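Colleague: I am new to this structure. Can we go through it in short questions and answers?

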Amino acid sequence: MTKQSARGGGPAIWALVITSVAGFMAALDNLVVTTALPSIRTDLGGALEDLEWTVNAYTLTFAVLLMFGAALGDRFGRRRLFTAGLTVFTVASAAAALSPGIGELIAARAVQGAGAAVMMPLTLTLLTAAVPAARRGMALGAFGAVTGLAVASGPLIGGSLTEHLSWQWIFWLNVPVGLALLPLARLRLKESYGPDARLDVLGTVLISAGLFGIVYGLVSTPSHGWTDGRVLTGLTAGGLLVAAFVWHGIHGKRPMLPMRLFRDRGFLGINMASLLMFLGMFGSIFLLSQFLQTIVGYSPTEAGLRMLPWTGMPMLVAPVAGYLSDRVGGRPVVVTGLALQAVGLGYFALILAPDVSYAAQLPPLIISGIGMSLYFAPAASLVMSSVRTFEQGIASGANNAMREVGGALGVAILASVFAAQGGYGSADAFVDGTVPALWIGSAAVGVGAALALLIPRRRAAAGHPARVTASGPDVVVAPVA
């Protein structure tokens with residue numbers, strides 16, 4: 001027995017190291033760019049919509065290709081597709097660092113997101129396959145802590161690299177890590193395939209094109225106006241394509257996201273709440289990270305440090321939130337978390353001014369951080385408890401995708417409000433644009449709290465043989481065999 005355990009220990013440890021480092025990179029690139037935006041704008045130029053696409057190009061391709069990437073791995077080999085996704089992510093990171101202009105940077109970020117969409121979902125399946133069931137919970141917990149740390153430290157790492165080296169280093173950082181992981185993945189990970197793997201190419205095309213059209217229309221409104229032809233075309237065509245995706249999910253033979261799942265109040269409530277939570281949170285971070293540097297005058301590192309009471313709070317509060325959800329159920333914890341996040345954003349809107357002190361900013365940062373933490377801890381478990389065991393993979397992928405879509409829409413919508421009400425012209429103009437955007441972000445998260453009340457009153461994991469690890473915006477879930 002001891003020899004057998006020893007033989008199994010090596011592959012399990014290697015799988016944990018390789019997948020955790022890959023997951024760290026993919027999660028880090030969600031927020032690492034936020035504190036670098038002012039430097040990117042100074043260096044490469046570009047308008048507000050270009051900064052939006054610098055964030056959204058990654059988030060959007062990551063969201064719409066996430067479930068398709070998992071299906072590709074199940075069908076053609078998880079290790080093979082994991083290394084392919086890692087290769088694309090690494091090469092695109094180098095291309096982003098070498099970008100001579102804002103257009104090239106946006107294109108590289110889109111390719112980065114596509115690589116992450118293939119790589120990220122397969123980290124969990126590879127890790128689950130390599131680790132014995134008795135130790136799987138510990139391994140998934142370590143993986144979740146690493147990816148949670150990436151999200152928490154994203155603004156700080158991005159700010160520190162930008163200030164002390166250059167913004168290009170937030171992308172160069174991925175290259176040596178990716179090059180080191182590629183041979184290790186080839187040598188140390190075992191190949192595996194998913195049972196009854198399915199590829200929904202039509203569904204992927206419909207949702208990808210539809211969401212791109214909607215986000216393109218929203219991002220274009222500040223410079224072209226709501227009545228411009230390209231804006232109306234993007235919003236109309238995007239809306240029709242998303243509607244076609246929904247129709248396909250209802251009537252298609254093997255859709256990537258069966259719409260019947262949304263008949264369950266719990267699945268509908270937690271997914272709509274997740275989308276709105278990320279809409280308010282990502283859009284607000286996009287604007288506030290620029291406010292801290294452009295208006296208040298903090299350096300990129302100082303801005304990243306000062307965001308930690310918000311972005312880093314899950315590392316402290318998530319264990320307490322998990323304990324509470326076990327005792328009272330996931331619904332009240334999620335609803336409370338969303339309500340606190342809405343209060344935090346509204347508080348920010350009330351105190352925001354060109355000369356606001358950090359002492360005045362600290363309460364809304366802490367309230368937002370606690371709210372975010374209370375939401376994240378039980379959210380994944382609520383998703384999994386709302387579906388049958390064989391549907392948990394689809395449910396997890398759908399919830400991840402909904403959060404990423406929410407983030408992309410949040411940046412687009414709140415930036416449009418910012419541009420309509422203010423702009424970069426002066427400190428007062430920046431505040432004039434940011435305040436109404438924060439109120440809309442607060443309202444969106446508040447509606448999410450109301451929708452979370454649709455979740456039935458039941459314990460988060462009751463009756464479902466799944467172990468859930470949650471420690472940040474990139475919540476990871478895997479069934480335990």
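Colleague: Is Gly154 buried or exposed?
Modeller: The model is predicted, and every value here is computed from it. Gly154 sits in helix α6, residues 133-164. Its relative accessibility is 0%. Buried means under 20%, so Gly154 counts as buried.

Colleague: How far apart in space are the C-alpha atoms of Gly154 and Gly312?
Modeller: Along the chain, Gly154 and Gly312 are 158 residues apart. In space, their C-alpha atoms are separated by 9.4 Å.

Colleague: Which helix holds Thr301, and is Thr301 buried or exposed?
Modeller: Thr301 has its place in helix α12. Its relative accessibility is 13%. The cut-off for burial is under 20%, so Thr301 counts as buried.

Colleague: Which residues of α12 are buried?
Modeller: Thr301 is one of them. The full list for α12 is Pro300, Thr301, Ala303, Gly304, Met307, Pro309, Trp310 and Thr311.

Colleague: What distance does α12 reach from its first C-alpha to its last?
Modeller: α12 has twelve residues. At 1.5 Å a residue, 16 Å is expected. The model comes close to that, at 15 Å.

Colleague: How far apart in space are Thr301 and Glu163?
Modeller: In sequence, Thr301 and Glu163 are 138 residues apart. From C-alpha to C-alpha, the distance in space is 6.4 Å.

Colleague: How many cavities of 30 Å³ or more does the structure hold, and what is the volume of the largest?
Modeller: The structure holds three cavities of 30 Å³ or more. The largest cavity has a volume of about 40 Å³.

Colleague: Which helix supplies the largest share of the lining of the largest cavity?
Modeller: The lining residues are Leu288, Phe291, Leu292, Arg306, Met307, Phe348, Gln361 and Leu365. At least two of the lining residues come from each of α11 (265-294), α12 (300-311) and α15 (358-385). The largest share is three residues, and its source is α11.

Colleague: How many of the 20 residues of α4 are buried?
Modeller: Start with the span of helix α4, residues 78-97. Its 20 residues should span 28 Å at 1.5 Å a residue, and its end C-alpha atoms are 28 Å apart, so the two agree. The helix is mostly covered. Of its 20 residues, the buried ones number 14.

Colleague: Is Val435 buried or exposed?
Modeller: Val435 lies in helix α17, residues 427-452. Its relative accessibility is 18%. The limit for burial is under 20%, so Val435 counts as buried.

Colleague: How far apart in space are Val435 and Leu345?
Modeller: The two are 90 residues apart in sequence. Their C-alpha to C-alpha distance in space is 9.6 Å.

Colleague: Is Leu206 buried or exposed?
Modeller: Leu206 is found in helix α9, residues 201-224. The C-alpha atoms of Leu206 and Gly238, 32 residues apart along the chain, are separated by 9.0 Å. Leu206 has a relative accessible area of 12%. With burial set at under 20%, Leu206 is therefore buried.

Colleague: Is Val328 buried or exposed?
Modeller: Val328 is found in helix α13, residues 314-328. Its relative accessible area is 52%. Exposed means over 50%, so Val328 is exposed.

Colleague: Which residues make the nonpolar surface patch of about 370 Å²?
Modeller: Val328, just described as exposed, is one of them. The full set is Val320, Tyr323, Leu324 and Val328.

How values were computed
Residues numbered from 1 in each chain as written. Predicted model: local features only at pLDDT ≥ 70, side-chain atom pairs only at ≥ 80, totals over all residues. Heavy atoms only, no water. Patch = residues over 30% accessible without salt bridge, like charges linked within 9 Å, V, L, I, M, F, W, Y side chains within 5 Å. Areas by Shrake-Rupley, 256 points an atom, 1.4 Å probe, with all protein chains shown as cover. Salt bridge = Lys/Arg side-chain N within 4 Å of Asp/Glu carboxyl O. Helix = DSSP H or I, 4+ residues; strand = E, 2+ residues; numbered from the N terminus. Buried < 20%, exposed > 50% of the residue type's maximum accessible area, 1.4 Å probe, protein only. Expected span 1.5 Å × (residues − 1). 1 Å grid on protein atoms, 1.4 Å probe; cavity = no way out; pocket = protein on both sides within 12 Å on 5 of 7 lines; lining within 4 Å. Points joined across faces, edges and corners; volume = space filled by probe spheres on them.
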